[in-house]
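Me: I should like to learn how to read a pair of packed helices and a small sheet. May we go through one example together?

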Amino acid sequence: MTPRSRAAAFPSVTASGVTLSREVGGVIFDLDDTLIDHRGSARQALRRWLPELGVTPTDELVAAWFGAEERHFATYSSGDITYGEQRRRRLRQFLPAAGLVPGDDDELDDLFAGYLVRYRASWITYDDVGPAVTTLHRSGISLAVLTNGVADQQHAKVASTGRADLLGPVFTAEELGVAKPDPEAYLMVCRHLGLPPSSVVHVGDRYDLDVEGARAAGLQAIHLDRRGTGPLDEPARITSLDQLSSRGPADS
Ligand SMILES: [Mg+2]
C-alpha cells in the first residue's frame, strides 16, 4: 500500500475538502507558511530592509533570499551547523547577489538583526487560521504546533496569531532536539498529546516534511498546498484551511 492510497482511506476526501473522521483525536499544525505567512512576511520585510542598505528589492533578489534560506536552513535542520551560522551563510550567499560584500561574523550578525526587526514587524496570520482552529477546538480535537524553527521566535509567532490559547502546546526542533522529518519529532508530540500516531493528523505546507515525513512516522497527513505547487494528485490536499472540517471525536 502506498502512502498516498493509505491517506485516501482516512480522513475522507471530497471535492470541497477533507473531513477528519471521528477517530482523529489530534491535529498537529506546522507553523511557517501554514499558520503564519512566512514568505509574505519575509517579502514585506525585504521591501523595507533592503532600501536601508541602498539596494532595490527586485523579484530576483527576493527569490535569491528564499533560495539561500532554503539551502542553509536545511543544513541547520540536519544538525550540521548552528542556527546563527545558517543566518551567516544565508547572508554570505545573498549579499553578493545584492552587490554587497559580506563582512565578518559580527558584522553579519548585526546585519541579520536589522532584517529580523523588519521580519518580526511583518508577521501575517492567514485569515483562515482563526475559523479552522476554533472549529477543531470545539470538536474536542487536541491541537498542537510542530515547527523546525527556534524556540523564542516560533513561540512569539504563535502568540502573534492571537490563537495561542486554542492552538495548544508549541514544539520546536530546538527544544525537542530533533527536527522534521525525523520520525521522533512527530512521535514526541503524539506522546505529549497522549494519542497513538495513527489517530493524529499533521497539517502543513511542505510535502516532504509535513506529509511524507509525518506518514513515515505513522501519522495521518494533509497537504496544505496554499501556493498550488502540488503534487496535485495527493488525495489529502487542500489549498486553504477553510477546506478542513471535522466530524468530531469518536466519543462525541
Ligand atoms: Mg512550513
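Reply: Let us begin with a helix crossing, bearing in mind that this is a predicted model. Helices H2 and H5 cross in the right-handed sense. Helix H2 covers residues 38-49 and helix H5 covers residues 105-120.

Me: At what angle do H2 and H5 pack, and how far apart are their axes?

Reply: The angle is about 125 degrees, and the axes lie 8 Å apart. Angles of 65 to 115 degrees count as roughly perpendicular and those over 145 as roughly antiparallel, with the rest between them oblique. H2 and H5 are therefore oblique to each other.

Me: Which residues of H2 and H5 meet?

Reply: On the H2 side they are Ser41, Ala42, Ala45, Arg48 and Trp49. Facing them from H5 are Gly114, Tyr115, Arg118 and Tyr119. By character, five residues of this contact are nonpolar, two are polar and two are charged.

Me: Turning to the sheet, in what order do its strands lie?

Reply: The order is S1-S2-S9, in an open sheet of three strands with mixed pairing. Strand S1 (12-14) and strand S9 (244-246) are the edge strands, each pairing on one side only. From one strand to the next, the twist averages 25 degrees.

Me: Is the pairing of S2 with S9 parallel or antiparallel?

Reply: Strand S2, residues 17-20, pairs with S9 in the parallel sense, over three bridges.

Me: Which residue of S9 is the bridge partner of threonine 19?

Reply: The partner of threonine 19 is serine 245 in S9.

Key
Residues are numbered from 1 along each chain as its sequence is written. This is a predicted model: local features need pLDDT of at least 70, side-chain atom pairs count only at pLDDT 80 or more; totals for chains, interfaces and linings use all residues. Two strands pair if DSSP finds at least two bridges between them. Helices (H or I, at least four residues) and strands (E, at least two) are DSSP runs, numbered from the N terminus. Axes are lines fitted to C-alpha atoms, for helices over the stretch in contact, and angles run from 0 to 180 degrees between N-to-C directions. Angles under 35 degrees count as roughly parallel, over 145 as roughly antiparallel, 65 to 115 as roughly perpendicular and the rest as oblique. A crossing is left-handed if the near helix is turned anticlockwise from the far one by less than a right angle, and right-handed if clockwise. Two residues are in contact if their C-beta atoms, placed from the backbone, lie within 7 Å. Ala, Val, Leu, Ile, Met, Phe, Trp, Tyr, Cys and Pro count as nonpolar, Asp, Glu, Lys and Arg as charged, and the others, Gly among them, as polar.
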